Amino acid sequence: MEKRKKLPPFKILSTTAILGYGFPLSSFKKGLSKKPDLIAADAGSTDPGPYYLGSGKSFTNRTAVKRDLRLMIKAGVERHIPVVIGSAGGSGARPHLDWCLEIVREIAREEKLHFKLGIVQADVKKEAVLKALKEGKISPLPFVPPLTRKVIEDSENIVAQMGVEPFIKLLKAGAQVIVAGRSYDPAVFAALPISRGYDPGLALHLGKILECAAIAATPGSGSDCAFGTLEEDSFVLEALSPERKFTPQSAAAHTLYEKSDPYHLPGPGGSIDLTGCQFEDLGQGRVRVTGSKFVPSDGYWLKLEGVRLAGYRSISVAGVRDPVMIGKIDEILKAVEVKVRNILGKDSEGSRLYFHVYGKNGVMGELEPVKKTKSHELGIVIEVIGPTQTEADAVLALTRSVLLHYGYEGRIATAGNLAFPFSPSDVAMGKVYEFSIYHLMQVSDPAFFPVKTEKL
Amino acid sequence: MKNGAKRSILKVARVIRSKNSGPYELTLDIMFKDRRDYELFKKRKLITASRIASLYGVDKSEVLKIIYFEPSQAIKITLKRKIASGTPGDTDIYGAQQHAPLLNLKF
(Lines give C-alpha, C1' and ligand atoms only; values in the text may rest on other atoms or scores of the structure.)
Protein backbone atom coordinates (compact mmCIF):
# COMPACT_ATOMS: atom_id res chain seq x y z
CA MET A 1 0.00 0.00 0.00
CA GLU A 2 1.24 3.45 -0.87
CA LYS A 3 2.21 5.44 2.18
CA ARG A 4 -0.22 8.33 2.64
CA LYS A 5 1.23 11.76 3.13
CA LYS A 6 0.76 13.02 6.68
CA LEU A 7 -1.81 15.78 6.95
CA PRO A 8 -0.42 19.18 7.98
CA PRO A 9 -1.97 20.97 10.97
CA PHE A 10 -5.29 22.60 9.99
CA LYS A 11 -5.80 25.91 11.79
CA ILE A 12 -9.19 27.46 12.51
CA LEU A 13 -9.98 30.94 13.80
CA SER A 14 -13.40 31.12 15.48
CA THR A 15 -14.22 34.76 15.99
CA THR A 16 -17.23 34.87 18.27
CA ALA A 17 -19.87 32.66 19.90
CA ILE A 18 -22.68 34.18 17.84
CA LEU A 19 -22.06 36.46 14.89
CA GLY A 20 -22.81 39.93 16.24
CA TYR A 21 -21.63 39.22 19.79
CA GLY A 22 -18.33 40.88 18.84
CA PHE A 23 -14.66 40.13 19.52
CA PRO A 24 -11.60 42.21 20.49
CA LEU A 25 -9.54 43.35 17.52
CA SER A 26 -6.37 42.31 19.35
CA SER A 27 -7.53 38.68 19.61
CA PHE A 28 -8.59 38.65 15.97
CA LYS A 29 -5.22 40.03 14.83
CA LYS A 30 -3.36 37.49 16.96
CA GLY A 31 -5.48 34.76 15.37
CA LEU A 32 -4.66 36.05 11.88
CA SER A 33 -0.94 36.14 12.69
CA LYS A 34 -1.11 32.38 13.24
CA LYS A 35 -2.11 32.01 9.57
CA PRO A 36 -5.44 30.20 9.89
CA ASP A 37 -6.75 27.95 7.10
CA LEU A 38 -10.33 28.93 7.92
CA ILE A 39 -12.22 31.79 9.59
CA ALA A 40 -15.68 30.80 10.74
CA ALA A 41 -18.52 31.69 13.05
CA ASP A 42 -21.88 30.28 13.92
CA ALA A 43 -24.69 32.82 13.96
CA GLY A 44 -27.56 30.84 15.35
CA SER A 45 -29.46 29.35 18.23
CA THR A 46 -32.99 28.32 19.19
CA ASP A 47 -32.29 29.60 22.71
CA PRO A 48 -33.98 33.00 22.36
CA GLY A 49 -37.21 31.15 21.69
CA PRO A 50 -39.58 30.57 18.78
CA TYR A 51 -40.38 34.21 17.96
CA TYR A 52 -37.34 34.87 15.78
CA LEU A 53 -37.80 31.90 13.48
CA GLY A 54 -41.49 32.72 13.09
CA SER A 55 -41.13 36.45 12.56
CA GLY A 56 -38.15 36.20 10.21
CA LYS A 57 -36.21 38.61 12.42
CA SER A 58 -32.70 38.25 13.77
CA PHE A 59 -32.14 38.22 17.51
CA THR A 60 -28.78 39.91 16.89
CA ASN A 61 -28.22 43.55 16.08
CA ARG A 62 -27.57 44.55 12.45
CA THR A 63 -24.79 47.05 13.23
CA ALA A 64 -23.02 44.49 15.42
CA VAL A 65 -23.32 41.73 12.81
CA LYS A 66 -22.00 44.07 10.12
CA ARG A 67 -19.01 45.02 12.26
CA ASP A 68 -18.07 41.36 12.87
CA LEU A 69 -18.63 40.37 9.25
CA ARG A 70 -16.66 43.32 7.87
CA LEU A 71 -13.55 42.32 9.83
CA MET A 72 -13.89 38.63 8.97
CA ILE A 73 -14.62 39.05 5.26
CA LYS A 74 -11.99 41.74 4.68
CA ALA A 75 -9.28 39.66 6.37
CA GLY A 76 -10.39 36.45 4.68
CA VAL A 77 -10.65 37.79 1.14
CA GLU A 78 -7.36 39.74 1.34
CA ARG A 79 -5.48 36.73 2.71
CA HIS A 80 -7.29 34.07 0.63
CA ILE A 81 -8.71 32.36 3.73
CA PRO A 82 -12.23 30.92 3.35
CA VAL A 83 -14.83 32.59 5.60
CA VAL A 84 -17.79 30.41 6.59
CA ILE A 85 -20.95 31.56 8.39
CA GLY A 86 -23.72 29.21 9.50
CA SER A 87 -27.31 29.79 10.71
CA ALA A 88 -27.36 33.26 9.16
CA GLY A 89 -29.59 35.78 10.88
CA GLY A 90 -29.91 33.60 13.98
CA SER A 91 -32.66 31.22 12.90
CA GLY A 92 -31.41 30.53 9.38
CA ALA A 93 -34.66 30.59 7.39
CA ARG A 94 -34.98 32.46 4.09
CA PRO A 95 -35.70 35.94 5.58
CA HIS A 96 -32.76 35.60 8.00
CA LEU A 97 -30.44 34.43 5.24
CA ASP A 98 -31.49 37.32 2.97
CA TRP A 99 -30.94 39.77 5.84
CA CYS A 100 -27.39 38.50 6.33
CA LEU A 101 -26.64 38.39 2.58
CA GLU A 102 -27.68 42.01 2.25
CA ILE A 103 -25.11 42.91 4.91
CA VAL A 104 -22.42 40.88 3.11
CA ARG A 105 -23.14 42.61 -0.23
CA GLU A 106 -23.03 46.02 1.46
CA ILE A 107 -19.63 45.21 2.95
CA ALA A 108 -18.31 44.05 -0.43
CA ARG A 109 -19.43 47.33 -2.03
CA GLU A 110 -18.15 49.55 0.76
CA GLU A 111 -14.78 47.81 1.00
CA LYS A 112 -14.50 47.26 -2.78
CA LEU A 113 -13.95 43.56 -2.22
CA HIS A 114 -14.44 41.03 -5.00
CA PHE A 115 -15.03 37.39 -4.21
CA LYS A 116 -17.13 34.36 -4.95
CA LEU A 117 -20.00 34.19 -2.45
CA GLY A 118 -21.54 30.80 -1.71
CA ILE A 119 -25.12 30.62 -0.45
CA VAL A 120 -27.01 27.68 1.05
CA GLN A 121 -30.70 27.71 1.90
CA ALA A 122 -31.92 25.62 4.81
CA ASP A 123 -35.67 25.95 4.25
CA VAL A 124 -37.61 22.72 3.83
CA LYS A 125 -40.87 22.81 1.91
CA LYS A 126 -44.01 21.62 3.70
CA GLU A 127 -44.60 19.10 0.90
CA ALA A 128 -41.22 17.50 1.60
CA VAL A 129 -42.02 17.18 5.32
CA LEU A 130 -45.51 15.81 4.57
CA LYS A 131 -43.98 13.26 2.20
CA ALA A 132 -41.40 12.21 4.80
CA LEU A 133 -44.17 11.87 7.39
CA LYS A 134 -46.15 9.62 5.08
CA GLU A 135 -43.10 7.48 4.37
CA GLY A 136 -42.28 7.07 8.08
CA LYS A 137 -39.12 9.15 7.77
CA ILE A 138 -39.95 11.50 10.64
CA SER A 139 -38.93 10.76 14.21
CA PRO A 140 -39.69 12.97 17.24
CA LEU A 141 -37.02 13.95 19.77
CA PRO A 142 -37.68 13.20 23.47
CA PHE A 143 -40.80 14.89 24.90
CA VAL A 144 -41.77 16.38 21.53
CA PRO A 145 -45.36 15.63 20.48
CA PRO A 146 -45.62 13.43 17.36
CA LEU A 147 -45.82 15.32 14.09
CA THR A 148 -49.14 15.44 12.26
CA ARG A 149 -50.29 16.71 8.89
CA LYS A 150 -52.12 19.59 10.63
CA VAL A 151 -49.02 20.69 12.56
CA ILE A 152 -46.95 20.73 9.37
CA GLU A 153 -49.62 22.72 7.55
CA ASP A 154 -49.84 25.27 10.40
CA SER A 155 -46.06 25.71 10.65
CA GLU A 156 -44.04 28.58 9.25
CA ASN A 157 -40.39 28.85 8.21
CA ILE A 158 -39.48 25.17 8.51
CA VAL A 159 -35.72 24.73 8.40
CA ALA A 160 -33.33 21.79 8.69
CA GLN A 161 -29.94 21.92 10.36
CA MET A 162 -27.54 21.11 7.55
CA GLY A 163 -24.40 19.05 8.04
CA VAL A 164 -21.02 19.56 6.39
CA GLU A 165 -22.06 18.36 2.90
CA PRO A 166 -23.50 21.59 1.39
CA PHE A 167 -20.47 23.55 2.68
CA ILE A 168 -18.08 21.06 1.07
CA LYS A 169 -19.98 21.38 -2.21
CA LEU A 170 -19.55 25.18 -2.19
CA LEU A 171 -15.92 25.11 -1.02
CA LYS A 172 -15.14 22.74 -3.90
CA ALA A 173 -16.90 25.18 -6.24
CA GLY A 174 -14.40 27.83 -5.13
CA ALA A 175 -16.59 29.86 -2.79
CA GLN A 176 -14.43 32.24 -0.75
CA VAL A 177 -17.18 33.39 1.59
CA ILE A 178 -20.09 31.08 2.49
CA VAL A 179 -23.28 32.22 4.13
CA ALA A 180 -25.65 29.40 5.00
CA GLY A 181 -29.10 29.10 6.50
CA ARG A 182 -29.75 26.95 9.57
CA SER A 183 -26.71 24.78 10.18
CA TYR A 184 -25.54 22.21 12.68
CA ASP A 185 -23.26 24.46 14.73
CA PRO A 186 -19.97 22.54 14.21
CA ALA A 187 -20.49 22.20 10.43
CA VAL A 188 -19.00 25.60 9.52
CA PHE A 189 -15.75 24.61 11.24
CA ALA A 190 -15.62 20.92 10.30
CA ALA A 191 -16.61 20.98 6.61
CA LEU A 192 -13.30 22.13 5.11
CA PRO A 193 -11.02 19.87 7.19
CA ILE A 194 -13.31 16.85 6.65
CA SER A 195 -13.15 17.47 2.89
CA ARG A 196 -9.35 17.43 3.18
CA GLY A 197 -9.34 14.05 4.88
CA TYR A 198 -9.18 14.92 8.58
CA ASP A 199 -10.96 12.66 11.04
CA PRO A 200 -14.64 13.68 11.21
CA GLY A 201 -14.98 12.85 14.93
CA LEU A 202 -12.13 15.20 15.83
CA ALA A 203 -13.18 17.85 13.32
CA LEU A 204 -16.79 17.90 14.57
CA HIS A 205 -15.81 17.84 18.24
CA LEU A 206 -13.43 20.74 17.61
CA GLY A 207 -16.29 22.52 15.80
CA LYS A 208 -18.59 21.83 18.73
CA ILE A 209 -16.19 23.69 21.02
CA LEU A 210 -15.23 26.46 18.58
CA GLU A 211 -18.86 27.30 17.80
CA CYS A 212 -18.98 28.92 21.25
CA ALA A 213 -15.60 30.58 20.66
CA ALA A 214 -14.00 31.57 23.98
CA ILE A 215 -16.97 30.41 26.10
CA ALA A 216 -15.10 27.12 26.56
CA ALA A 217 -12.00 28.95 27.87
CA THR A 218 -11.60 30.25 31.41
CA PRO A 219 -12.76 32.89 32.20
CA GLY A 220 -15.27 32.18 29.48
CA SER A 221 -16.49 34.79 27.02
CA GLY A 222 -18.92 34.69 24.12
CA SER A 223 -17.36 37.86 22.76
CA ASP A 224 -13.81 36.70 22.18
CA CYS A 225 -12.01 34.54 19.61
CA ALA A 226 -10.72 30.99 20.03
CA PHE A 227 -8.16 29.11 17.96
CA GLY A 228 -8.17 25.43 17.10
CA THR A 229 -5.49 23.35 15.42
CA LEU A 230 -6.60 20.04 14.01
CA GLU A 231 -4.06 17.28 13.52
CA GLU A 232 -4.41 13.69 12.35
CA ASP A 233 -5.04 12.19 15.78
CA SER A 234 -5.92 15.16 17.99
CA PHE A 235 -6.76 18.83 18.18
CA VAL A 236 -5.39 21.69 20.24
CA LEU A 237 -7.39 24.59 21.66
CA GLU A 238 -6.00 27.97 22.64
CA ALA A 239 -7.34 31.36 23.61
CA LEU A 240 -6.13 34.51 21.88
CA SER A 241 -6.25 37.08 24.64
CA PRO A 242 -3.86 37.08 27.60
CA GLU A 243 -6.64 37.18 30.22
CA ARG A 244 -8.04 33.73 29.36
CA LYS A 245 -6.82 30.22 28.70
CA PHE A 246 -8.12 26.77 27.90
CA THR A 247 -7.78 24.17 30.63
CA PRO A 248 -8.75 20.47 30.42
CA GLN A 249 -11.53 21.30 32.87
CA SER A 250 -12.87 24.30 30.90
CA ALA A 251 -12.83 22.38 27.62
CA ALA A 252 -14.47 19.29 29.15
CA ALA A 253 -17.06 21.36 31.03
CA HIS A 254 -18.14 22.96 27.79
CA THR A 255 -19.14 19.53 26.54
CA LEU A 256 -21.91 19.59 29.18
CA TYR A 257 -23.36 22.92 28.10
CA GLU A 258 -26.91 22.86 26.70
CA LYS A 259 -26.77 19.13 26.00
CA SER A 260 -28.54 16.21 27.58
CA ASP A 261 -25.77 13.61 27.14
CA PRO A 262 -22.15 14.82 27.10
CA TYR A 263 -20.80 11.45 25.93
CA HIS A 264 -22.90 11.23 22.76
CA LEU A 265 -23.55 14.36 20.73
CA PRO A 266 -25.99 13.63 17.92
CA GLY A 267 -25.89 15.59 14.68
CA PRO A 268 -26.63 15.20 10.98
CA GLY A 269 -25.63 11.73 9.81
CA GLY A 270 -24.38 10.42 13.13
CA SER A 271 -23.06 11.34 16.53
CA ILE A 272 -19.79 12.31 18.14
CA ASP A 273 -18.83 9.69 20.71
CA LEU A 274 -16.76 11.14 23.53
CA THR A 275 -16.59 8.05 25.75
CA GLY A 276 -12.88 7.62 24.94
CA CYS A 277 -12.08 11.31 24.92
CA GLN A 278 -9.07 12.74 26.81
CA PHE A 279 -8.26 16.36 27.62
CA GLU A 280 -4.57 17.03 28.22
CA ASP A 281 -2.98 20.24 29.51
CA LEU A 282 -0.16 21.40 27.21
CA GLY A 283 0.66 24.45 29.32
CA GLN A 284 0.47 28.09 28.22
CA GLY A 285 -3.31 27.92 28.16
CA ARG A 286 -3.45 25.16 25.55
CA VAL A 287 -5.34 21.87 25.71
CA ARG A 288 -4.95 18.79 23.51
CA VAL A 289 -8.03 16.65 22.90
CA THR A 290 -7.86 13.06 21.67
CA GLY A 291 -10.22 10.12 21.25
CA SER A 292 -13.35 11.83 19.85
CA LYS A 293 -15.05 9.48 17.39
CA PHE A 294 -17.72 9.97 14.77
CA VAL A 295 -20.27 7.16 14.67
CA PRO A 296 -22.49 7.25 11.57
CA SER A 297 -26.17 6.62 12.23
CA ASP A 298 -28.43 4.17 10.49
CA GLY A 299 -29.61 6.41 7.68
CA TYR A 300 -28.90 10.15 7.41
CA TRP A 301 -31.16 12.16 9.74
CA LEU A 302 -31.48 15.95 9.89
CA LYS A 303 -33.08 18.00 12.64
CA LEU A 304 -36.08 20.03 11.53
CA GLU A 305 -37.20 23.19 13.30
CA GLY A 306 -40.50 24.93 12.72
CA VAL A 307 -42.86 27.24 14.56
CA ARG A 308 -46.50 28.18 14.32
CA LEU A 309 -48.46 31.26 15.26
CA ALA A 310 -49.96 30.90 18.75
CA GLY A 311 -51.78 34.25 18.79
CA TYR A 312 -51.18 37.85 19.81
CA ARG A 313 -49.91 38.98 23.19
CA SER A 314 -50.81 41.87 25.48
CA ILE A 315 -49.26 42.45 28.88
CA SER A 316 -49.53 44.69 31.90
CA VAL A 317 -47.02 44.96 34.75
CA ALA A 318 -48.03 45.82 38.32
CA GLY A 319 -46.98 45.36 41.93
CA VAL A 320 -48.82 44.39 45.11
CA ARG A 321 -47.71 45.45 48.62
CA ASP A 322 -50.85 44.77 50.62
CA PRO A 323 -50.28 41.83 53.04
CA VAL A 324 -53.96 40.85 53.11
CA MET A 325 -54.01 40.60 49.32
CA ILE A 326 -50.65 38.77 49.16
CA GLY A 327 -52.02 36.20 51.63
CA LYS A 328 -54.93 35.42 49.30
CA ILE A 329 -53.32 36.04 45.95
CA ASP A 330 -54.15 32.65 44.38
CA GLU A 331 -57.87 32.79 45.13
CA ILE A 332 -58.05 36.46 44.11
CA LEU A 333 -56.48 35.81 40.71
CA LYS A 334 -58.75 32.81 40.15
CA ALA A 335 -61.83 34.87 41.02
CA VAL A 336 -60.71 37.72 38.75
CA GLU A 337 -60.43 35.37 35.78
CA VAL A 338 -63.89 33.96 36.45
CA LYS A 339 -65.30 37.48 36.59
CA VAL A 340 -63.60 38.53 33.36
CA ARG A 341 -64.82 35.42 31.55
CA ASN A 342 -68.36 36.01 32.83
CA ILE A 343 -68.40 39.58 31.59
CA LEU A 344 -66.88 38.88 28.17
CA GLY A 345 -68.59 35.53 27.59
CA LYS A 346 -67.88 34.32 24.07
CA ASP A 347 -65.57 37.28 23.42
CA SER A 348 -62.92 35.87 25.73
CA GLU A 349 -63.21 32.23 24.65
CA GLY A 350 -60.28 32.28 22.26
CA SER A 351 -57.98 34.09 24.69
CA ARG A 352 -55.65 32.58 27.24
CA LEU A 353 -54.91 34.43 30.46
CA TYR A 354 -51.73 34.00 32.54
CA PHE A 355 -50.67 35.69 35.75
CA HIS A 356 -46.91 35.61 36.26
CA VAL A 357 -46.58 36.24 39.98
CA TYR A 358 -43.01 37.24 40.82
CA GLY A 359 -42.16 36.79 44.48
CA LYS A 360 -44.26 33.64 44.45
CA ASN A 361 -43.67 31.34 41.48
CA GLY A 362 -43.10 33.71 38.54
CA VAL A 363 -39.77 32.06 37.66
CA MET A 364 -40.47 28.36 38.16
CA GLY A 365 -44.23 28.13 37.69
CA GLU A 366 -45.44 24.61 38.35
CA LEU A 367 -41.91 23.43 39.22
CA GLU A 368 -41.66 25.83 42.19
CA PRO A 369 -41.33 23.71 45.32
CA VAL A 370 -41.97 26.66 47.71
CA LYS A 371 -45.74 26.83 47.80
CA LYS A 372 -46.26 29.61 50.33
CA THR A 373 -44.54 32.93 49.63
CA LYS A 374 -42.85 34.88 52.42
CA SER A 375 -42.45 37.90 50.21
CA HIS A 376 -43.72 41.29 51.42
CA GLU A 377 -44.39 42.40 47.85
CA LEU A 378 -45.30 40.68 44.62
CA GLY A 379 -44.76 41.62 41.00
CA ILE A 380 -47.52 40.56 38.63
CA VAL A 381 -47.31 40.36 34.88
CA ILE A 382 -50.79 39.94 33.46
CA GLU A 383 -50.48 38.24 30.09
CA VAL A 384 -53.20 37.60 27.55
CA ILE A 385 -52.74 35.67 24.32
CA GLY A 386 -55.68 36.15 21.99
CA PRO A 387 -56.54 35.16 18.43
CA THR A 388 -56.11 38.80 17.34
CA GLN A 389 -54.37 41.78 18.90
CA THR A 390 -57.72 43.51 19.41
CA GLU A 391 -59.12 40.57 21.37
CA ALA A 392 -55.95 40.23 23.45
CA ASP A 393 -55.99 43.96 24.22
CA ALA A 394 -59.66 43.82 25.26
CA VAL A 395 -59.25 40.84 27.61
CA LEU A 396 -56.11 42.37 29.12
CA ALA A 397 -57.76 45.77 29.71
CA LEU A 398 -60.71 44.20 31.49
CA THR A 399 -58.53 41.84 33.56
CA ARG A 400 -56.33 44.74 34.62
CA SER A 401 -59.28 46.88 35.71
CA VAL A 402 -61.12 44.02 37.44
CA LEU A 403 -57.98 43.08 39.39
CA LEU A 404 -57.30 46.73 40.25
CA HIS A 405 -60.69 47.14 41.93
CA TYR A 406 -61.52 43.59 42.98
CA GLY A 407 -63.22 43.56 46.40
CA TYR A 408 -61.74 40.45 47.96
CA GLU A 409 -62.81 39.33 51.41
CA GLY A 410 -61.02 41.15 54.23
CA ARG A 411 -59.91 43.99 51.95
CA ILE A 412 -58.86 47.05 53.92
CA ALA A 413 -57.25 49.14 51.17
CA THR A 414 -60.19 50.12 48.99
CA ALA A 415 -58.58 52.60 46.57
CA GLY A 416 -56.89 50.09 44.27
CA ASN A 417 -55.10 46.73 44.46
CA LEU A 418 -52.22 47.36 42.07
CA ALA A 419 -49.20 49.67 41.83
CA PHE A 420 -48.50 50.36 38.15
CA PRO A 421 -44.98 51.51 37.36
CA PHE A 422 -45.95 52.80 33.91
CA SER A 423 -48.55 54.80 32.06
CA PRO A 424 -49.79 53.43 29.72
CA SER A 425 -50.15 50.29 31.80
CA ASP A 426 -50.92 47.96 28.90
CA VAL A 427 -48.52 46.90 26.15
CA ALA A 428 -49.51 45.22 22.90
CA MET A 429 -46.66 42.80 22.14
CA GLY A 430 -47.73 41.49 18.74
CA LYS A 431 -47.41 37.98 17.35
CA VAL A 432 -46.58 35.01 19.56
CA TYR A 433 -45.02 31.90 18.05
CA GLU A 434 -44.46 28.47 19.53
CA PHE A 435 -42.23 25.59 18.46
CA SER A 436 -44.29 23.08 16.51
CA ILE A 437 -41.63 21.04 14.74
CA TYR A 438 -38.53 19.72 16.45
CA HIS A 439 -38.17 16.36 14.77
CA LEU A 440 -35.67 14.32 12.85
CA MET A 441 -36.18 13.72 9.14
CA GLN A 442 -34.40 11.06 7.16
CA VAL A 443 -32.98 12.17 3.81
CA SER A 444 -31.29 10.22 1.05
CA ASP A 445 -29.00 13.05 -0.07
CA PRO A 446 -27.33 15.02 2.77
CA ALA A 447 -26.42 17.77 0.28
CA PHE A 448 -30.02 18.29 -0.89
CA PHE A 449 -30.00 21.90 0.36
CA PRO A 450 -30.11 24.32 -2.57
CA VAL A 451 -26.73 26.00 -3.10
CA LYS A 452 -25.65 28.76 -5.44
CA THR A 453 -22.70 31.07 -5.97
CA GLU A 454 -22.61 34.76 -6.74
CA LYS A 455 -19.71 36.87 -8.08
CA LEU A 456 -19.24 40.00 -5.99
CA MET B 1 -18.96 13.04 58.73
CA LYS B 2 -19.53 12.65 62.43
CA ASN B 3 -22.85 11.62 63.95
CA GLY B 4 -24.39 11.19 60.51
CA ALA B 5 -24.80 14.98 60.15
CA LYS B 6 -25.75 15.85 56.61
CA ARG B 7 -23.68 18.13 54.41
CA SER B 8 -25.01 20.65 51.94
CA ILE B 9 -24.30 20.20 48.24
CA LEU B 10 -23.02 23.81 48.31
CA LYS B 11 -19.97 22.62 50.26
CA VAL B 12 -18.83 20.33 47.47
CA ALA B 13 -20.21 21.80 44.22
CA ARG B 14 -18.33 24.30 42.08
CA VAL B 15 -21.19 24.89 39.66
CA ILE B 16 -24.91 24.16 39.86
CA ARG B 17 -26.89 25.40 36.88
CA SER B 18 -29.85 24.84 34.58
CA LYS B 19 -30.33 25.51 30.88
CA ASN B 20 -32.41 24.39 27.94
CA SER B 21 -31.16 21.45 25.94
CA GLY B 22 -33.31 22.31 22.97
CA PRO B 23 -36.80 23.79 23.49
CA TYR B 24 -38.29 20.65 25.08
CA GLU B 25 -35.69 19.66 27.67
CA LEU B 26 -34.20 21.24 30.75
CA THR B 27 -30.72 20.13 31.68
CA LEU B 28 -29.16 20.52 35.13
CA ASP B 29 -25.43 20.32 35.85
CA ILE B 30 -23.68 19.73 39.17
CA MET B 31 -19.89 20.08 38.89
CA PHE B 32 -17.80 19.10 41.89
CA LYS B 33 -14.78 20.90 43.30
CA ASP B 34 -13.11 17.71 44.37
CA ARG B 35 -13.00 14.40 42.54
CA ARG B 36 -13.47 12.51 45.83
CA ASP B 37 -16.89 14.05 46.34
CA TYR B 38 -17.85 13.29 42.76
CA GLU B 39 -16.76 9.67 43.26
CA LEU B 40 -18.77 9.49 46.49
CA PHE B 41 -21.91 10.71 44.74
CA LYS B 42 -21.31 8.27 41.92
CA LYS B 43 -20.57 5.27 44.13
CA ARG B 44 -23.50 5.83 46.46
CA LYS B 45 -25.82 6.83 43.62
CA LEU B 46 -26.84 9.94 45.58
CA ILE B 47 -28.57 11.50 42.58
CA THR B 48 -31.35 9.31 41.28
CA ALA B 49 -34.39 9.90 39.12
CA SER B 50 -36.69 9.52 42.14
CA ARG B 51 -34.70 12.02 44.19
CA ILE B 52 -34.80 14.59 41.37
CA ALA B 53 -38.48 13.88 40.74
CA SER B 54 -39.31 14.55 44.37
CA LEU B 55 -37.17 17.74 44.52
CA TYR B 56 -38.99 19.16 41.50
CA GLY B 57 -42.39 17.65 42.27
CA VAL B 58 -42.58 15.86 38.94
CA ASP B 59 -43.22 12.30 37.85
CA LYS B 60 -40.17 10.02 37.58
CA SER B 61 -40.95 9.51 33.89
CA GLU B 62 -40.17 13.20 33.32
CA VAL B 63 -36.54 12.64 34.32
CA LEU B 64 -34.99 11.66 30.99
CA LYS B 65 -31.45 10.81 32.07
CA ILE B 66 -28.84 11.13 34.77
CA ILE B 67 -25.28 10.94 33.53
CA TYR B 68 -22.05 10.92 35.51
CA PHE B 69 -19.48 12.71 33.32
CA GLU B 70 -15.92 11.80 34.27
CA PRO B 71 -13.91 14.47 32.39
CA SER B 72 -15.68 17.28 34.28
CA GLN B 73 -16.42 15.37 37.50
CA ALA B 74 -19.99 16.40 36.96
CA ILE B 75 -23.50 15.02 37.12
CA LYS B 76 -25.95 15.93 34.40
CA ILE B 77 -29.69 15.56 34.87
CA THR B 78 -32.17 16.11 32.06
CA LEU B 79 -35.85 16.79 32.69
CA LYS B 80 -38.84 17.30 30.51
CA ARG B 81 -39.81 20.97 30.26
CA LYS B 82 -43.38 21.37 31.52
CA ILE B 83 -43.94 23.85 28.70
CA ALA B 84 -41.68 24.06 25.64
CA SER B 85 -39.48 27.17 25.51
CA GLY B 86 -41.55 30.18 24.49
CA THR B 87 -44.88 28.34 24.30
CA PRO B 88 -47.67 30.35 25.99
CA GLY B 89 -47.42 29.84 29.74
CA ASP B 90 -43.64 29.42 29.78
CA THR B 91 -41.80 31.30 32.53
CA ASP B 92 -38.13 30.91 31.57
CA ILE B 93 -37.29 30.95 27.84
CA TYR B 94 -33.62 29.97 28.34
CA GLY B 95 -34.32 27.68 31.30
CA ALA B 96 -31.47 29.39 33.13
CA GLN B 97 -33.17 29.83 36.54
CA GLN B 98 -34.55 26.38 37.28
CA HIS B 99 -31.66 25.09 39.39
CA ALA B 100 -32.63 26.40 42.86
CA PRO B 101 -34.23 23.17 44.20
CA LEU B 102 -30.85 21.44 43.70
CA LEU B 103 -29.25 23.85 46.17
CA ASN B 104 -31.25 22.19 48.96
CA LEU B 105 -29.66 18.78 48.39
CA LYS B 106 -28.13 17.27 51.51
CA PHE B 107 -26.06 14.13 51.70
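This passage describes the fold of chain A, the confidence of chain B and the contact between the two chains in a predicted model.

Chain A comprises 456 residues, of which 49% are buried. Its secondary structure consists of 13 helices and 19 strands. Along the principal axes, the C-alpha atoms of chain A occupy a box of roughly 90 × 50 × 50 Å. Contacts in chain A often span long stretches of sequence. Of those between residues at least 6 apart, 77% link residues at least 24 apart.

Confidence was examined for chain B and for the complex. Chain B has a mean pLDDT of 93. A pLDDT of 70 or more is reached by 96% of the residues of chain B. Strand S2 of chain B (residues 25–32) has the highest confidence in that chain, at a mean of 96. The lowest falls in strand S3 of chain B (residues 63–69), at a mean of 94. For the complex, the predictor reports an ipTM of 0.93 and a pTM of 0.93.

The two chains meet through 37 residues of chain B and 38 residues of chain A. On the chain B side, several elements take part. Strands S1 (13–20), S2, S3 and S4 (74–80) of chain B each contribute at least two residues to the side that touches chain A. Helix H2 (49–56) of chain B does likewise, with at least two residues. By residue class, this side of chain B divides into 15 nonpolar, 14 polar and 8 charged residues. Strands S2 and S3 of chain B, the elements of highest and lowest confidence in that chain, thus both appear on the side that touches chain A.

Conventions:
Residues numbered from 1 in each chain as written. Chains lettered and ligands numbered in written order. Predicted model: local features only at pLDDT ≥ 70, side-chain atom pairs only at ≥ 80, totals over all residues. Helix = DSSP H or I, 4+ residues; strand = E, 2+ residues; numbered from the N terminus. Buried ≥ 20, exposed ≤ 12 C-beta atoms within 10 Å, placed from the backbone. Contact = placed C-beta atoms within 7 Å. pLDDT = per-residue confidence, 0-100. Nonpolar A, V, L, I, M, F, W, Y, C, P; charged D, E, K, R; others polar.
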